[in-house]
Amino acid sequence: MLVFVIRRLLVTVPVLLAASMFSFALIDVTGDPLADLLVQQPPPSQEVIQAERERLYLDRPAYERYWLWLTGIGGNGDIGLLQGEFGPSVQGPAFDVGAEVAARMGVTLRLVAAAVLLALGLAVATGVVSAMRQYSVVDHTLTFIGFLALAMPTFWLGALIKEAGVWANGQLGTTVFSTIGASAADTRGMDLWERIADAGGHLVLPTVALMLTGYAAWSRYQRTAMLEVLNSDYVRLAHAKGLRRRTVMRRHALRTALIPLTSVAAVTIAEILAGTVLIETVFQWRGMGTLLVEAVRTSDAYVLMGWLMLAGTLVVLANLAADLLYGVLDPRIRYE
Amino acid sequence: MANVRNRSRLTGPAAVAAALALAAAGCTGGGGGGGTGAGGVWEECESDPNTCNSGERADGGEITWVVSDFPGAWTTVSPEGGSVYTLQMLSGIVPSTGQWAPDGETYEFNMDLLAEEPELVSEDPFTFSFTFADGAEWDDGTPIGADDAIATVKMSTSDEEGWCEGCRSRQPGIYDDVDEMEASEDGKTVTFTLKDGRANPEWRGFLDAHQIAGGILPAHLAEEQGYDLDEPADVGAYFEWLNETVPEYSGGPYTIVEGDLETQVIMEPNENWYGEVQPTLDTVIVQFNDNENSWVPALTNGEIDGGNPAKINDDVIEQLRGMPEVSVDVGPGASWEHIDLNTENEWLQDVELRRAVFTAIDAQEIVERSYGTAYPEVQRKTNHTFAADSPHHEDLFGDSPQGTGDAEEAARILEEAGYEIVDGTLERDGEQVGPFRLRATADQVRQDSLQIIQSHLEEIGVATEIEAINDLGGVLGDQDYDIVQFGWSTSPWFLINPGQQWHSGSGSNFGGLDVPEVDEALDRMGTATTLEEAAEYANDAGRLVVDQAYVLPLADEPRYSFVTDGFTNIRDNRQHSLRATYNIGEWGTVAN
Amino acid sequence: MSETVRDGAPPPPRGRLRTVAARFARHRPAMAGLAALAALVLFAFAGPLLWTWDHTVSGEIPSSAPPGPEHPLGTTSAGNDVLGQLMRGMQQTLKVAFTVTVLATVVGSVWGAVAGYFRGWVDAVLMRAVDVLLIVPLLVVVAAVGGNVRGGTTWYGVALVIAAFAWTPISRVVRGVVLSLREQEFVEAARAAGASHARIVFRHLLPNAAGPIIVAATLLIAVAILVEAAMSFLGFGIQAPDVSLGLMVQHAKTAAFTRPWLFYPPGLAIVLIALVINFIGDGLRDALDPRQAMVRS
């Protein structure tokens, strides 16, 4: 199994490398990191622009810059992925891309983890119910809700959930659900319990909004997989043997039906990451999502590269985790 | 429910239901309607801009103030820090020698910081001095004085001047004119001498809140950090240190106790504040939030208390006006929209055609459709340099048909100049004039405006193609347009702007105006010694620019601010980059 | 001797097609979805021909007027007729979605079929390339590229950008199907009869993979609509003076309580289109894969 993991990781290295080259070229062609500086009013002098160009290594050709970004050889010590440096940002020399991305990753992971767990739980439950009562009113209702969540633009959903939260606060007469930020503005003087409560109050609304994006697709897959298993011969056989319905469900059907979901869930992690971009904008979290939006808006090339690499690595790891989970769920799969 | 006044009645489940069933279609908000919101603390601000909403303050309290975008750095001298957002974040921290009051006419020196009003020592060479008050000191007890002023100026100059090596000043302009800086023996007076032949009628504002540093930066921290400010290289290093370090210093009423550039700064009173008016609020949180959609829910929810966004939004303003305990103030701000013509275009180099084009455009209709919903009182701007309530303002378009939308007059101008409108197409010598490329950034207000301009020009047979701009600097710099709409920012200090916009030698005279008389008037402005004289030359230049039909001002873009009940001494200062935070030290909760 | 017999292909799929169509026709939600989609397309493309106002600003349209007889969906601050905008916006959005779907389906199918058919190093190279593209979330890369592309803000620009990254899932689906199909007798027979590679891929493999391809393509329409809307919401999509549903939502995002006639129509239109397409996709899946539709006794 360890060998399997190592081999899988080794295979992803060239893939990530190719992805980085591809992204670098794309970003380079499509954006000018100096654009913001050039529109400043009153306009900065030529010297200022030239200095900025050199600081961002824009005076060098693209292939040289890629090599520099990867290795950091010939740079000013602020660049070189292999040395742990992500490169300079248009936000000035003080902006440490690596530290920034790491800090924001922490914020976003909290949101993603909560949303994914909630979505998986709900998806499995409703998927199973839908499948067992196929074409019943319950199934049709759950299908409709799932499709509606699938059809709702994430940002629209987010805005509506926010309004619902504000309304609930009004009814409760106290602010339980917060609508902006990952924590209260001023957390000094709060004890641990208050901090946790505060973080929780900020987490609820965006989590629900983000959760629905994953839930919709997953519950559909779970329903399909469950149907397939329920119609399979071995489940029929188990029933015929006189096993209790509940046992058949838990021991045989559900376990097998979870296999497709794990692979789908791994792939959808990428979509959830994309969802955070919208949800964080709506709820004003300072996580990876808003970092991306700012970086795109300012053509902050090295921040974008860092973002894409990190997201790519996460997706790769999620896929790997899914492969390993197969083994747990399906004893027939063995890793050599 | 003709107007949704009490917002909480249509939220939550109702909103969800509405989304599904369009149930809310009956609940319409009236479009516009003026007023300063139900809170009404700013009702006097129209007639009494400088002192409205003032009163007794109670001790204590906390406020969370929204700034509508992110500051880029911890000083405003660097290119990335050079925004109103950074300035507003540092208000109450960085001391300055003075600022313009909300009426745009009254200039107030900071007499807590200054011992006396600054003094003009000599006109030739141009020399002036500032003397700092004895009690003025940084929060650690170090006196504020000449060294701080000199360090600030050094960090604001460009490398060529030799004061600093590596200072990335975003606007060295007036500071590069300095020839000599001298500190008095007691360190309390600083004297600046400008280079031979240079003058600065705005010398009183040399170290004020409107300049690139937003005031005076500390010099004494350099030594702690191991820098010697007599060494140019060390000045550069100190520049970077200040730019990237959360300020622990303060020379103002508040001091930053915690903060970052992405979420907020938290400020508490500066224990060592030397000013006459002491701050009363325990905590001021300046929060950065660029999603205007989130402000109203956050305000309803009690997560924020007020803000002064940089852009108007019809619906946000309308909702704020409907909230029972919120005051709103809308009025003209410190940037203006205008239409520029490219004088180097094959056709538009003819001044008669340019005049006709501007005559066919109805400026008042454009500004009403752009801003009228939120600010029904909006008027077209009639002077490039001065706002309508400025004492220097003069209606430069009074005798000109430009901007009236008078298509008949435009057609007459064209006919006299030898053009013909044949089957709805403007021609000269049988050749079609244009079509012209009509451009602006993809901002909704500007794109709508372009469509209106397009329909106006159709009436005189001029065809236009609308093209969105993704890179404004590049497009303007390359003169990649025929007709363009964009904005300039202004300040009550007006000297620098006209020269940049119209002088043939300026890098930002994008449309290539090259008229010797305009240059002359602008040069005279540069050597004027009083503001009145300079203003006169600015208006002379403006008149010539109108005659040349080069720039058609549309309007001072409106701005708004909002605040919940319970606070006093907060009012907007829309001509000032600091906006409502200009007097942050006086803010307080209302005393009962 | 007829061609099909010579190549040893399975019996003509007409009979199967008819069964599928019949099964689809029995799926009531899907049929309703199809009818609704047809109505929406008609509204978007034929509507502008009949309606007085287009999507642009006009001096004759009042500012911010609520819905009324002149303007059934009201007007904007600048003076656009919202109904005119809605028709144009839906048109642009549908054009984007259909273009994305066609391009991505063609590219993805061929790519996946070639990889699955040839296997070996061809498969390895092609699918690694897919991995490279799949590594980054679709919306993210589309935003990163779309936000910056100069002049890429017309509807076809947006469509090209989305399509350039949206074809990869389809290629995976098709490869999987082709991998199993290529082992079946009719492919063996075709190969034995001397059919060219191209012929086998295009005449035998792809038509037999049509089921999964159609389902995936259908769902891609909904994905494209939502991605376009999200791009516009973030400010990276189709730009004014043109209009799309996403851009309308973006412009009206603060108007829910003050001017609902601006807020709800575009958002509901997005939800409606995506919803009916999902129902159609669901019906197609059931019709093409009868195992799932089987009602358990």
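Let's start where two helices cross: α5(A) and α11(A) are oblique to each other, because their axes cross at roughly 130°, and an angle counts as oblique when it is neither under 35 degrees, over 145, nor 65 to 115. Keep in mind throughout that this is a predicted model.

**Stop 1: the helix crossing in chain A**

Select residues 97–132 of chain A for helix α5, then residues 288–297 of chain A for helix α11. The two axes come within 8 Å of each other. To see who is touching whom, show side chains for Arg104(A), Met105(A) and Thr108(A) on α5(A); they meet Met288(A), Gly289(A) and Leu291(A) on α11(A). Colour this little group by class and you should find three nonpolar residues, two polar ones and one charged one.

**Stop 2: all of chain A**

Now zoom out and display chain A as a cartoon. Its C-alpha trace spans about 85 × 60 × 40 Å along the principal axes. The secondary structure comes to twelve helices and two strands. Follow the chain from the N terminus and you will pass four helices, then the two strands, and then helices for the remainder of the elements.

**Stop 3: the two domains of chain A**

Give residues 34–89 of chain A one colour and residues 97–329 of chain A another: these are domain 1 and domain 2 in the domain assignment. The C-alpha centres of the two domains of chain A lie 37 Å apart. Where they touch, nine residues of domain 1 of chain A face ten residues of domain 2 of chain A. On the domain 1 side, look at α2 (35–38) and β2 (85–86) of chain A, each of which supplies at least two residues. That side of domain 1 of chain A is made up of four nonpolar, three polar and two charged residues.

**Stop 4: where chain B meets chain A**

Bring chain B into view. How many residues does each chain give to the contact? There are 52 from chain B and 41 from chain A. Many elements of chain B take part with at least two residues each, among them α1 (13–21), α5 (232–244), β10 (264–269) and β11 (283–288). Further along chain B, select α12 (472–477), β19 (483–489) and α13 (496–502), which also supply at least two residues each. By class, the chain B side has 14 nonpolar, 28 polar and ten charged residues.

Before going further, colour chain B by pLDDT. The average is 86, and 93% of the residues score at least 70. Residues 1–34 of chain B are another matter, with pLDDT below 50, although this stretch has 68 contacts in the model beyond near neighbours in sequence. Where pLDDT is low, the predicted coordinates should not be read in detail.

**Stop 5: a four-stranded sheet in chain B**

Next, look for the open antiparallel sheet of chain B, whose four strands are ordered β5-β6-β8-β7. Because β5 (119–123) and β7 of chain B each have a single partner strand, they stand at the edges, with one side left without a neighbour in the sheet. From one strand to the next, the twist averages 15°. Now add helix α3 (residues 146–156) of chain B, which packs on the sheet and touches β6, β7 and β8 of chain B. The direction of α3 makes about 160° with that of β7(B).

Inside the sheet, select β6 (residues 126–131) and β8 (residues 189–194) of chain B, an antiparallel pair with five bridges. Which residue of β8(B) is the bridge partner of Phe128(B)? It is Phe192(B). Beside that pair, Thr127(B) stands opposite Thr193(B).

On to β7 (residues 178–183) of chain B, which pairs with β8(B) in the antiparallel sense, again over five bridges. Here the bridge partner of Glu180(B) is Thr193(B). Trace the backbone from β7(B) to β8(B) and you will go round a hairpin with five residues between the strands. Pause at Gly187(B) in the turn, where phi is positive at about 75°.

**Stop 6: a three-stranded sheet in chain B**

Finish with the open antiparallel sheet of chain B in the order β1-β22-β21. Its edge strands are β1 (57–58) and β21 (567–568) of chain B, each pairing on one side only. Select β22 (residues 588–590) of chain B as well: two bridges join β1(B) to this strand, and the two run antiparallel. Your last selection is Ala58(B) with its bridge partner in β22(B), Thr589(B).

Notes. Residues numbered from 1 in each chain as written. Chains lettered and ligands numbered in written order. Predicted model: local features only at pLDDT ≥ 70, side-chain atom pairs only at ≥ 80, totals over all residues. Domains from an automatic or database assignment. Contact = placed C-beta atoms within 7 Å. Nonpolar A, V, L, I, M, F, W, Y, C, P; charged D, E, K, R; others polar. Axes fitted to C-alpha atoms, helices over the stretch in contact; angles between N-to-C directions. pLDDT = per-residue confidence, 0-100. Pairing = 2+ DSSP bridges.
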